[in-house]
Amino acid sequence: MPKSFHIQLLQPVQGKYTRHAIFQPGVEIPQNLTSLAVDLERAGIACSILDLRTEAAPARALEEALARVRPALAGISAFSSEILPATRIAGDIKRLRPDT
């Protein structure tokens, strides 16, 4: 694997259903992504997590992260209620970094 290989892990913004119909007292740490990141780093694979739920401007945060880390792969985590935002993120990644 090339030395510059990097994986960008992403937690999408929550879909309308999740934000309005499911009680959430706050934004939780994306433990699914942190668990994966630990295993990747133990295997010597560089990765970073971007939790778009905490960003004031998620689209800009995504664009800046992709420009900064230039990931070889992107992993998007999503519940079924977050599928539409996750699909948009996948499209944005392909538009901004077609080689990812």
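In this predicted model, the crossing of helices α3 and α4 is right-handed. Helix α3 spans residues 58-69 and helix α4 spans residues 83-96, and the two pack with their axes 11 Å apart at an angle of about 45°. That angle makes α3 oblique to α4. From α3, the residues that make the contact are Leu 62, Glu 63 and Leu 66, while α4 brings Ile 89, Asp 92, Ile 93 and Leu 96. Sorted by character, the residues of this contact are five nonpolar and two charged, with no polar ones. In general, the angle between the axes and the distance between the axes are what describe two packed helices.

These two helices belong to a protein with four helices and three strands, and from the N terminus on the elements follow the order β-α-α-β-α-β-α. Of the 100 residues in the protein, 35% are buried. When contacts between residues at least 6 apart in sequence are considered, 75% of them join residues at least 24 apart.

The strands come together in an open sheet of three strands, whose order is β2-β1-β3 and whose pairing is parallel. Strands β2 and β3 are the edge strands, since each pairs on one side only. On average, and with direction ignored, neighbouring strands of this sheet are turned by 20° against each other. Helix α4 packs on the sheet as well, where it touches β1 and β3, and the direction of α4 makes about 170° with that of β3. As a general point, the strands of a sheet pair through backbone hydrogen bonds, and they may do so either parallel or antiparallel.

How many bridges join β1 to β2, and how many join β1 to β3? Six bridges join β1 to β2 (residues 46-51), and four join β1 to β3 (residues 73-76). Leu 9 shows both pairings in one residue, for its bridge partner in β2 is Ile 49, and in β3 Leu 9 stands opposite Gly 75. Leu 10, the next residue to consider, has Ile 76 as its bridge partner in β3.

Is strand β1 largely enclosed or open to the outside? Six of the six residues of β1 (residues 6-11) are buried, so this strand is largely enclosed by the rest of the structure. The covering applies to both faces of β1, with His 6, Gln 8 and Leu 10 buried on one side and Ile 7, Leu 9 and Gln 11 buried on the other.

Three single residues from other parts of the chain can be set beside this buried strand, and their places and accessibilities are listed here.

| Residue | Place | Relative accessible area |
|---|---|---|
| Glu 28 | loop between α1 (16-21) and α2 (31-42) | 54%, exposed |
| Arg 70 | loop between α3 and β3 | 53%, exposed |
| Ile 76 | strand β3 | 32%, partly exposed |

Ile 76 lies in strand β3, and at 32% relative accessibility this residue counts as partly exposed, because the cut-offs place a residue as buried under 20% and as exposed over 50%. Leaving aside residues up to four places away in sequence, Ile 76 touches Leu 10, Pro 12, Ala 86, Ile 89, Ala 90 and Ile 93. Two of these names, Ile 89 and Ile 93, also appear among the α4 residues that make the contact with α3. The C-alpha atoms of Ile 76 and Thr 87, which are eleven residues apart along the chain, are separated by 9.0 Å.

Arg 70 sits in the loop between α3 and β3, and its phi is near 45°, which is a positive value in a residue other than glycine. With a relative accessible area of 53%, Arg 70 is exposed.

Glu 28 is found in the loop between α1 and α2, where a relative accessible area of 54% makes this residue exposed. Which residues does Glu 28 touch, not counting residues up to four places away in sequence? Glu 28 touches Asp 51 and Arg 53, and for the second of these the C-alpha atoms of Glu 28 and Arg 53 are separated by 9.7 Å, although the two residues are 25 residues apart along the chain.

Terms used
Residues numbered from 1 in each chain as written. Predicted model: local features only at pLDDT ≥ 70, side-chain atom pairs only at ≥ 80, totals over all residues. Heavy atoms only, no water. Axes fitted to C-alpha atoms, helices over the stretch in contact; angles between N-to-C directions. Parallel < 35°, antiparallel > 145°, perpendicular 65-115°, else oblique. Left-handed = near helix turned anticlockwise from the far one by under 90°. Contact = heavy atoms within 4.5 Å. Nonpolar A, V, L, I, M, F, W, Y, C, P; charged D, E, K, R; others polar. Buried < 20%, exposed > 50% of the residue type's maximum accessible area, 1.4 Å probe, protein only. Pairing = 2+ DSSP bridges.
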